[in-house]
Protein chains: 2
Amino acid sequence: MGEFDLISKYFTKPSSRALLGVGDDCAMLESSQGTVQCISSDMLVEGRHFFANVDPFRLGQKALAVNLSDLAACGATPKAFTLALALPSMDEPWLQAFSSGLWQMAQEHSMDLIGGDTTQGPLCICITIFGEVPRGQAILRGGARAGDDIYVSGTLGDAKLALEALLGRIHLGADALERVRTRLELPTPRVHLGQALRGVASSCIDLSDGLFGDLGHVLRQSGMGAEISTDWIRQGLALTEDVAALDFEAKLDLVMCGGDDYELLFTAPARARELVSEAAARSQTGVTRVGQITQELGLRVLDRQGRVIDRPFSSFDHFSQAHHP
Amino acid sequence: MGEFDLISKYFTKPSSRALLGVGDDCAMLESSQGTVQCISSDMLVEGRHFFANVDPFRLGQKALAVNLSDLAACGATPKAFTLALALPSMDEPWLQAFSSGLWQMAQEHSMDLIGGDTTQGPLCICITIFGEVPRGQAILRGGARAGDDIYVSGTLGDAKLALEALLGRIHLGADALERVRTRLELPTPRVHLGQALRGVASSCIDLSDGLFGDLGHVLRQSGMGAEISTDWIRQGLALTEDVAALDFEAKLDLVMCGGDDYELLFTAPARARELVSEAAARSQTGVTRVGQITQELGLRVLDRQGRVIDRPFSSFDHFSQAHHP
């Protein structure tokens with residue numbers, strides 16, 4: 001099978017939204033009236049973003065999910081994507097499973113695959129995603145204001161917990177491992193929550209590098225600081241599975257520094273608490289209030305007495321850390 | 001230096017065309033009135049699309065040039081691009097040179113870098129490019145009609161000739177090698193010609209896999225056949241450098257099957273010959289008439305007596321051939 005047969009067999013379906021999809025030099029898209037287009041690119045590399053033996057169906061889902069998460073963080077409606085794929089060899093069972101996972105995620109969000117590229121090379125997946133948001137309604141990172149509440153969706157630290165277990169650094173029972181492994185390998189992009197937060201949230205970012213690092217981006221771009229409480233971690237709102245063997249410090253690390261959760265972190269004025277609850281209910285997504293934006297710069301993590309926890313936290317960096325060695 | 005410093009130091013400049021560029025979850029673009037957006041993605045992998053020791057400045061230029069070539073083939077005006085980059089290590093001199101080449105090509109075509117991703121991994125460059133074309137004026141592959149003339153821009157086979165010389169399969173003098181090597185490492189995207197051909201050309205494709213294979217795409221999508229004459233090859237219109245040591249058969253192979261030239265192949269009705277000449281002159285790009293579209297399916301290469309040359313031609317396939325072993 002050659003390159004063009006591969007594209008035709010696994011990566012071509014009729015487009016419903018594009019004027020012109022796969023099969024010409026370019027794909028063609030037309031924007032809806034009164035919208036702006038939101039664009040994001042993510043590259044996934046074997047050994048860095050996923051294990052070589054990961055289930056290819058899940059990998060196909062995740063490759064699109066991490067891009068959908070970027071649209072979600074802007075409040076955008078997904079529309080289309082391109083896929084560039086480097087593959088070590090023409091492995092048909094792998095392609096069958098990978099493309100099935102990709103299409104399943106695409107259909108769940110009514111997306112078209114409109115173009116891309118395939119080549120031989122070390123396994124590398126690059127997706128560029130396109131969404132739309134009504135003009136002036138995109139939720140950006142720079143909109144947080146002093147006094148705003150800080151929220152996170154879902155639970156944090158699960159993906160990192162799974163990674164630690166898969167690397168043999170901590171032990172989890174089979175059931176607990178399977179639960180957190182699903183969160184690592186198949187994150188849920190919070191697309192509906194993102195859209196529901198248009199006009200409600202003052203800023204938003206998706207959590208790919210960990211709460212500490214990603215909140216840092218919001219604070220820098222907003223010119224603000226923040227205080228994060230930790231009661232919600234003690235109350236078991238942080239991780240999917242309460243792992244008895246883990247102490248508070250370990251949980252705090254997972255929640256603050258664990259990457260790959262693809263939950264949303266967002267801020268909203270205190271007067272909008274009811275609107276936030278409605279948005280969460282409408283999108284059937286749990287959200288937890290975790291802190292507050294402050295005029296004072298810097299990011300402070302507080303214990304239950306309101307004292308600053310004086311210890312270092314780190315953010316994931318794709319050049320200094322290998323998550324999947 | 002971390003991932004975010006890298007992006008900030010090498011890949012961030014103020015955007016003039018985007019509503020929002022690098023630094024949020026998504027970039028934001030707004031389409032001009034009455035236009036459709038043209039989108040294309042290309043992935044370049046070390047060892048497959050370029051040699052490991054290639055000049056990184058030229059590589060930066062080429063990575064964008066091959067994408068610009070796809071816009072050119074649709075007659076689109078370049079607007080913006082995203083860059084996803086996997087790098088084995090934080091090699092600052094390499095990044096400095098690569099990003100300088102990329103910016104030079106971007107500025108030449110008034111393009112903004114609006115987003116992307118960086119990660120550690122085997123060297124892999126994925127660019128997604130965005131252009132605009134007035135609604136209804138994109139030049140597609142499927143518009144060739146019986147009797148249309150077939151044209152190519154510039155010269156063909158130079159890139160393949162350089163590759164053969166660099167691989168030690170043929171000998172070229174130092175001057176000749178440098179000329180064709182420049183064509184391999186720094187192709188000229190025919191952006192101005194593509195735009196000048198709006199309303200003139202009936203179909204267009206860029207030559208990345210070779211004349212034989214790429215014309216095949218046009219014929220399939222147009223439901224037509226073609227006859228290609230070879231006089232222009234004998235007349236020395238084919239290759240940049242007339243290499244005395246090469247016989248006609250070798251030149252024919254280079255011209256028909258050599259990939260990586262990034263010239264345009266296009267068709268136009270015979271009555272439009274003057275308009276084609278004007279478009280070529282306006283864009284300061286040489287074009288050569290090389291054959292004719294036929295009702296009869298199939299692609300026939302004719303000798304100077306008009307007889308079919310009965311020998312196989314091949315098209316480049318990224319899975320069955322390694323251009324840069």
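In this predicted model, α4(B) and α5(B) cross in a left-handed way, meaning that the near helix is turned anticlockwise from the far one by less than a right angle. Helices here are DSSP runs (H or I, at least four residues), numbered from the N terminus. The two pack at an angle of about 115 degrees, with their axes 7 Å apart; axes are lines fitted to C-alpha atoms over the stretch in contact, and angles run from 0 to 180 degrees between N-to-C directions.

Who touches whom? The contact (heavy atoms within 4.5 Å) includes L161(B), A162(B) and L166(B) from α4(B), and L177(B), V180(B) and L184(B) from α5(B).

Now for the empty space: the structure holds 4 cavities of 30 Å³ or more. A cavity is a set of points on a 1 Å grid over the protein atoms alone, where a 1.4 Å probe fits but cannot get out; lining residues have an atom within 4 Å of a point. The largest has a volume of about 90 Å³, that is, the space filled by probe spheres set on points joined across faces, edges and corners. Its lining has 10 residues, with H49(A), F50(A), V54(A), K62(A) and E185(A) nearest the centre. α2(A) gives the most, 3 residues.

Here are both sites by class (Ala, Val, Leu, Ile, Met, Phe, Trp, Tyr, Cys and Pro are nonpolar; Asp, Glu, Lys and Arg charged; the others, Gly among them, polar):

| Site | Nonpolar | Polar | Charged |
|---|---|---|---|
| α4(B)–α5(B) contact | 9 residues | no residues | 3 residues |
| Largest cavity lining | 5 residues | 2 residues | 3 residues |

Residues are numbered from 1 along each chain as its sequence is written, and chains are lettered from A and ligands numbered from 1 in written order. Local features need pLDDT of at least 70 and side-chain atom pairs 80 or more, while totals for chains, interfaces and linings use all residues, and side-chain values use heavy atoms, leaving out hydrogens and water.

Notes. 1 Å grid on protein atoms, 1.4 Å probe; cavity = no way out; pocket = protein on both sides within 12 Å on 5 of 7 lines; lining within 4 Å.
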